[in-house]
Structure formats: structure tokens, C-alpha cells
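Colleague: Please take a close look at one part of this model, the packing of its helices, and follow it outward to the side-chain pairs and contacts around it.

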Amino acid sequence: PETRTCAQRTGEPIEDVEAPYVCWKKSAVGTVLAVETSKRRIRPKIPKRAARADEVGASPRWQAPVLGHTILLLTGFFSWAMSGAANEATGLLFPQLLRDFQVNPAQVGLAATSFTLGNACGLVLGGGARMGRRQMVLTGLAVAIGSSLLLLVASRFETLLLARTCLGLAAGLFTIAVPALLAEGLPKTKAEAYLATYPSGWPIGAFVAILTAGNHWRWALGVGPLIASLILLPCLLWLPESPQYLLLKGRRQEAERALKKLGTKEEEIVHADTESTTTGSPTGIPFKRLAATLMCRHAASIIVKMWLPVYLGTHGHVGSAVAAMLLMYILEAFGILVTGRLVAGGGNDVLAKGARWSLIAGVVATLGCLFCQGNVLAAGLLGATHLIAQANASNLLMAYATCNCSTAARNQTLSRLNFLSFLSGSLVPSVLGMMVTVQNGSFHHVERVLLAAAGLYGFAAALMPR
């Protein structure tokens, strides 16, 4: 019998779109994944909650993935995997860098800060660029591939710093252009979930980098980002330019071809340009509240990441740092994927509530770590909970901002939000870190800094736009 969609079961008419679809087909050797182009949609059984959503006139929360939508998700995933692989394992490689380049500890610290500096430059350049979303991602990808190759042949420490700075620049461009590319090419019901899901690539990239860190620093810093970039390349070559960007530039025929290739209808995309006139904000979002929320969240997350290991270490928590990091990154990726599934099709209310509850979870996890002295298992679980909570809060907040920005102001708005978060994460932890004192080689009053971080999480939850 012919497979019926959820809308057909409730008698609602639908329009078939001729586009490539990812589907499952039965063959002589079993069930295989296939791609076909037709006007017939082959879908698995619709979940009951999606059927109930149709009965009240809402869009189903689950739909068979269109090939274009899947490639958009993979583009976001591998761009974040490149950034995570390039950044997160640097601290573990300091001994190898000291050995190979004959530099002092102060100089080797520049290997980490150079990436951060490049990231800040990428955020500024991405906000002011006048190129399309796809073109900006391609520019960042070209920089990432060149930088990765340069790292593989670097024989001088200055060359390594230059390559790391360029990798950070590419990551900054990805931070601006990738969410815009996804939001402007996906239906509203999918954009929210995909924008909350694709950052799972960061912890996966970090996981791979940490695994390879024991071999050689070139594997972790160069090979990981290079592989992620080369996988990303065919995805970008297949993708068209953002349909909303093309419409903004008056190139309607190109926009229609892009929509057809992606398998998205124009009426399914939210045009925030019309909504911004009703909010009174040129960006279409409550920018000041959202910026303050992101700044508090980022500062709190940096403080906890910096000082929680120190606090636990001074209270007798001894274990394998590498094993703990691997476990936390896997749990973080899993948490992001689960959250992305839960917010699918929920709209702004679900994104806002999810971000608020994630911030509250950050408060609970941070305070819990202060009261679990002597219990290594509890400390590890609470540390992982904090990592998941802060990642979900950031992803949901940025998904909220990206989905509700006007097309014309999207790049600039994302640039400003990320740059303000960057400044907060750089300055606030340094100021609050002055409360910590060192006596006889031991750190004292670290709990004060962690209490301040919990307060920042709570303040961010209160500021969260409703």
C-alpha cells in the first residue's frame, strides 16, 4: 500500500516537492539507505505525538530528511568538528611543544591564545563582510585547509602561531556564517532543531583530538582539522547560496533554484524581516537582554572550566585527566543531540525555556560540586552535567537569536553577540580570579569564585528573554 504522510491521514492537502530525499529501501540484501528524486514522499511511521500535532493544525515534529537539509546539518557539524579539534586539546600538547621548539612555558601558552585571537578577528571580519553565507563559509574553509597544511610542515614556532591564528580566524567565520546558512535554508520546524544539534560536532572533534594527542602534536593540531575540513568541502560545493540572502539581494530566480535544490518551500522559511518591524528592534530580537544573558553564561562557564578542576584537585580528587575529558566530551555531545531532538518544532517558547532550564542546571551543578567533597563519582557526574548545561544554554540562545534575526542584520547581530561573549569570557574570569590566593603552593578561596559563577548562571536565567 502507498505510504501516507501524517497530513494525509488527517485529510489535510499537501503539495509534493520534487527534490532528492533520503529514504530506506528494501533490496535482496536487506534494507539500504538510498537517495531518490520523485514527487512521492517515502516516510517511516509517524510518531503519535506528530499525529496529535497535525490534529490541532500544527506542523509535524518529525519529517523524512530531505537531502539538502541533511547536507546543511552535516555542514554545521563538520565546521564545528574542525573548530573543536583545533582548540580543545592544546593544553595536553604543551610538553610536546616545549620539547620540539625549545621555548619557555610563557611562549608555549601563545599556542592556545593565538587561536582565540584569530577567533576574535574572524568574528569582527564576519560581521562586517558583504559576501554571501556560503561564500563566507568557503572562505573560512580555504583558510582552515591552508592553515592545517601549514601546521603539518611547521618547523618554527612562529609558523605554528601563524597557522593557529588563521585556524581561529576560520572558526570565527564559521561561527557567523554557518548558523545563518542553516537558518535561511531550512523550514522553521527544522531550523530550530538543527541549530541546536549541529554544535555537537565541537565535542566530537575535541574527543578525536584528545585521542590523538598522545601520538604527536601535529596529529592533534593539524590532521584532525584537515580531515574535518576535507569532509566539509564536498558538502559546501553541493550546497547553493542561502535563499534568503539571494532574495535580499533581489536575485529571485537564483533563490527559487536554491529552494528547489534544498527541497524547501519559500513559505516554510520564517522571514524575520517582517517580524522585526513589530518588535521595534532593527535586529528582530531583544538584543540587550540576549547579549547580557550570553555574556553572563560565557563568563560563568569559563570560570567553572578553569577553577573546578583546581578545587577538586585541592580536595583529594585524583584521577586520569584525559579519561575524564574524553568522558565529558562524549556526554556533552550526547546531551546536545538529545536537546536538539526535544526542541524540534517547538518554536521560540521551547528554545527560551530550554535555555533557561539549562542555565538553572548550571547553577545546580556548580553548587553541587562544592558540596560533594570526597565523592569522586558525584563530582564527575556534576561536572559532566555542568558541561552539558552550559553547552545547551549557549546553543539554544544562539538558535533563538539566529531564527529571529532579520536577514539583513543576521551576520552583524551574530558577530556582536559572539564578540561580546568573547570579551566577557576573557575579562570577567580574570577579575574574579583575583579572589584566589596561593599559600605554600596551594590555592585558597577557590569556592568563592565558583559561587560567583553560580550567581552569574542564575543572573543569566533571570535575564533570559521571555
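Modeller: In this predicted model, Leu-160, Arg-164, Leu-167 and Phe-174 of helix 8 meet Trp-217, Leu-221, Pro-225 and Leu-232 of helix 11. The axes of helix 8 and helix 11, the latter spanning residues 217-238, come within 13 Å and cross at roughly 35°. The crossing of helix 8 with helix 11 is left-handed. By residue class, this contact divides into 7 nonpolar, no polar and 1 charged.

One of the helix 11 residues in that contact, Leu-232, also leads to a further helix. Thr-75, located in helix 3 (residues 67-87), is in contact with Leu-232, Cys-235, Leu-236 and Leu-239 when its neighbours within four places in sequence are left aside. Thr-75 has a relative accessible area of 0% and is therefore buried. Leu-232 thus appears both among the residues that meet helix 8 and among the contacts of Thr-75.

Helix 8 has another partner to consider. The axes of helix 7 (residues 133-153) and helix 8 (residues 157-183) come within 8 Å, crossing at roughly 155°. An angle over 145 degrees counts as roughly antiparallel, and helix 7 and helix 8 are therefore roughly antiparallel to each other. Their crossing, too, is left-handed. The residues of the contact between helix 7 and helix 8 divide into 20 nonpolar, 5 polar and 3 charged.

A salt bridge is found at the ends of this pair of helices in the sequence numbering: the side chains of Glu-184 and Arg-133 meet, with an N to O distance of 2.8 Å. Arg-133 belongs to helix 7, whereas Glu-184 lies in the loop between helix 8 and helix 9 (188-197), so the salt bridge ties together parts that are 51 residues apart in sequence. Glu-184 and Arg-133 are both buried.

The structure holds 6 salt bridges, and two others serve as a comparison. Glu-256 and Arg-252 both lie in helix 13 (residues 252-262), 4 residues apart, about one turn of the helix. Their side chains form a salt bridge with an N to O distance of 3.8 Å. Glu-256 has a relative accessible area of 42% and is partly exposed; Arg-252, at 41%, is also partly exposed. Elsewhere, salt bridges that share partners join Arg-133, Glu-184 and Arg-410 into one network. The other example pairs Arg-251 with Glu-254, whose closest N and O atoms are 2.9 Å apart. Arg-251 counts as partly exposed at 34% relative accessibility, as does Glu-254 at 33%.

A last contact involves helix 17 (residues 347-370), which contains Leu-367. Not counting residues up to four places away in sequence, Leu-367 touches Leu-451 and Ala-454. Leu-367 and Ala-454 are 87 residues apart along the chain, yet their C-alpha atoms are separated by 6.7 Å. With a relative accessibility of 29%, Leu-367 counts as partly exposed, whereas Thr-75 in its own contacts is buried.

Key:
Residues numbered from 1 in each chain as written. Predicted model: local features only at pLDDT ≥ 70, side-chain atom pairs only at ≥ 80, totals over all residues. Heavy atoms only, no water. Axes fitted to C-alpha atoms, helices over the stretch in contact; angles between N-to-C directions. Helix = DSSP H or I, 4+ residues; strand = E, 2+ residues; numbered from the N terminus. Parallel < 35°, antiparallel > 145°, perpendicular 65-115°, else oblique. Left-handed = near helix turned anticlockwise from the far one by under 90°. Nonpolar A, V, L, I, M, F, W, Y, C, P; charged D, E, K, R; others polar. Salt bridge = Lys/Arg side-chain N within 4 Å of Asp/Glu carboxyl O. Buried < 20%, exposed > 50% of the residue type's maximum accessible area, 1.4 Å probe, protein only. Contact = heavy atoms within 4.5 Å.
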